[in-house]
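Trainee: Got a minute to walk me through this one? I'd like to get my bearings before I set anything up.

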Amino acid sequence: LLIQRRQTHLDQLTDKLQEPRVRRVIEPILAGFSPEETIPHDDIEYVADLGLINSAYGAGLQIANPIYQEIIPRELTIVPQTFIPAIYPVWLNNDGSLNATKLLDSFLEFWRQHGEPLLRSTSYHEIAPHLVMMAFLQRVCNGEGTLTREYAIGSGRIDLLLEYRQTRLAIELKVWRAGKIDPVNRGLLQLDDYLTGLGLEEGWLVIFDQRRGKTKIGEHLTVESLTSPFGRAVTLIYA
């Protein structure tokens with residue numbers, strides 16, 4: 001309710017998130033990676049003083065509370081959501097339930113057509129693909145579903161749970177950066193852990209290829225069906 005009402009102090013958060021010293025701290029937490037450059041301790045203290053982060057119980061830096069865990073990525077996806085054109089909900093079955101296969105087809109088409117300009121619409125470049133996908137899924141929710149996000153610095157991933165009526169779809173997002181090995185094997189293990197906690201037997205693993213010199217978005221988009229180490233059905237998407 002606080003998020004939907006846009007209470008004053010939450011509304012002011014948008015401006016704070018655009019400050020470079022705040023972005024330097026928040027971005028790696030949301031992306032799940034350890035920063036490659038040293039973050040000034042003053043910046044960390046500043047963001048902590050704002051009440052946005054903490055490091056309780058030796059778990060490393062994390063978003064301070066569930067409200068901010070939800071509101072921060074929501075605020076960062078506002079601009080991408082604004083520029084998403086109207087999308088007819090072809091991912092719904094006749095009874096109004098979610099069809100994951102049709103949803104995947106819709107996302108792939110959306111990514112090919114709109115991914116490139118939307119990636120440039122946010123100042124959080126390291127997690128731009130994540131924000132674009134979350135903006136798309138937020139549009140899918142459309143008041144009848146929910147999108148839950150889990151992230152932690154050092155995990156190298158963002159976990160999403162899309163719940164729409166009786167359907168639950170688990171999605172793990174990872175980035176393939178220059179000089180790094182293909183993260184698919186680690187991603188499959190992490191997705192297994194996530195699915196175990198949710199009691200689900202299938203999910204998506206989305207790997208955003210951000211290596212330098214890659215072709216334009218859509219030209220290397222591939223989808224595979226895999227089996228995880230624990231025998232679960234995984235849809236692997238290289239975007």
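Mentor: Sure, we'll go through the cores, a helix, the strands and two loop residues. This is a predicted model, where local features need pLDDT of at least 70 and side-chain atom pairs count only at pLDDT 80 or more, while totals for chains, interfaces and linings use all residues. Residues are numbered from 1 along each chain as its sequence is written, and side-chain values use heavy atoms, with hydrogens and water left out.

Trainee: OK, which residues have the most contacts inside the largest nonpolar core?

Mentor: I26 and I72, in a core of 57 residues. A nonpolar core here is a set of buried Ala, Val, Leu, Ile, Met, Phe, Trp, Tyr and Cys residues joined through side-chain atoms within 4.5 Å. Buried means under 20% relative accessible area, exposed over 50%, and partly exposed in between, with a 1.4 Å probe and protein chains only.

Trainee: And which helix gives the most to this core?

Mentor: Helix α9, residues 128-141, with ten residues. Helices are DSSP runs of H or I with at least four residues, strands are runs of E with at least two, and both are numbered from the N terminus.

Trainee: What does I26 touch?

Mentor: Skipping residues up to four places away in sequence, I26 touches V47, L52, I53, I63, I72 and Y124. Contact means heavy atoms within 4.5 Å.

Trainee: Switching to α6, which residues are buried there?

Mentor: The helix spans residues 66-76, and its buried residues include Y68, I71, I72 and L76. At its N-terminal end N65 acts as the cap, with a side-chain oxygen 3.0 Å from the backbone nitrogen of I67.

Trainee: What comes after α6, say at T77?

Mentor: T77 is in the loop between α6 and α7 (78-82). T77 counts as buried because its relative accessibility is 0%. Beyond its neighbours within four places in sequence, T77 contacts L131, M134 and A135.

Trainee: Is E37 buried or exposed?

Mentor: E37 counts as exposed because its relative accessible area is 67%. You'll find E37 in the loop between α4 (20-31) and α5 (41-49).

Trainee: Now the strands: how does β4 pair with β3?

Mentor: Antiparallel, over seven bridges; two strands pair if DSSP finds at least two bridges between them. R149 has L160 in β4 as its bridge partner.

Trainee: What about β4 and β5?

Mentor: Those run antiparallel as well, joined by seven bridges. They form a hairpin with two residues between them, and R165 in the turn has a positive phi of about 55°. As for cover, six of the seven residues in β4 are buried.

Technical notes. Polar contact = N/O pair within 3.5 Å; in protein donor to acceptor, adjacent residues only side chain to side chain.
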